[in-house]
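User: I would like to go through this model one point at a time. Please keep the answers short.

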Amino acid sequence: MEKTIHGRPYKETRRGPVLTPCAPNSVLARLGDKWTILVMSILALDPARPLRFSEIRTGIPDISQRMLTLTLRNLERDGLVLRHYFAEVPPRVEYELTAMGRTMLPALEGFTGWIRENWQEIERSRQAFDAAETKRSASGT
């Protein structure tokens, strides 16, 4: 019988529990990517208003043009973002969340809320771990 933990299926075997895939790893990797989260977030600010590429890029200052292009293309491919091309001079392209993309927003809100509540503790843990690693390396153990 298949069981789940936090929505992820697993099977009990004689050797212990074994996780089974609930989604292709490429989907999980994409949805957890920092650029995906930021692009989805900026498009969610006003889901009824499509944004131009330049508006998205302005709203995410650290993203390169290439990375934004790749992120939008992948989100479009996954069915989370719609791309509207207008054959004008100069051409205009706008992006908006699809209905499926909007259904991802509550999960995204929960995830980013957890990060917001815990990032300082995570940072302290990282610093303590790195300090201990540096001490271990210096002592040769």
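**Helix H6 and the core**

User: Where is the kink in H6 centred?

Analyst: This is a predicted model, in which local features need pLDDT of at least 70, side-chain atom pairs count only at pLDDT 80 or more, and totals for chains, interfaces and linings use all residues. Residues are numbered from 1 along each chain as its sequence is written, and side-chain values use heavy atoms, without hydrogens and water. Helices are DSSP runs of H or I with at least four residues, strands are runs of E with at least two, and both are numbered from the N terminus. The bend, the angle between axes fitted to the seven residues ending at a residue and the seven starting there, is about 55 degrees in H6 and is centred on Asn 118.

User: Which residues of H6 are buried?

Analyst: Buried means under 20% relative accessible area (1.4 Å probe, protein chains only). Cover for the buried residues of H6 includes helix H2 (34-44), strand E6 (92-97) and helix H5 (99-103). The buried residues themselves are Leu 105, Leu 108 and Gly 113.

User: Which element gives the largest share of the largest nonpolar core?

Analyst: A nonpolar core is a set of buried Ala, Val, Leu, Ile, Met, Phe, Trp, Tyr and Cys residues joined through side-chain atoms within 4.5 Å. The largest one has 21 residues, and Val 39, Met 40, Leu 43, Ile 56 and Val 81 touch the most other members. Two or more residues each come from H2, helix H4 (65-77), E6 and H6. The largest share, six residues, is from H2.

Notes. Buried means under 20% relative accessible area, exposed over 50%, partly exposed in between (1.4 Å probe, protein chains only). Contact means heavy atoms within 4.5 Å.
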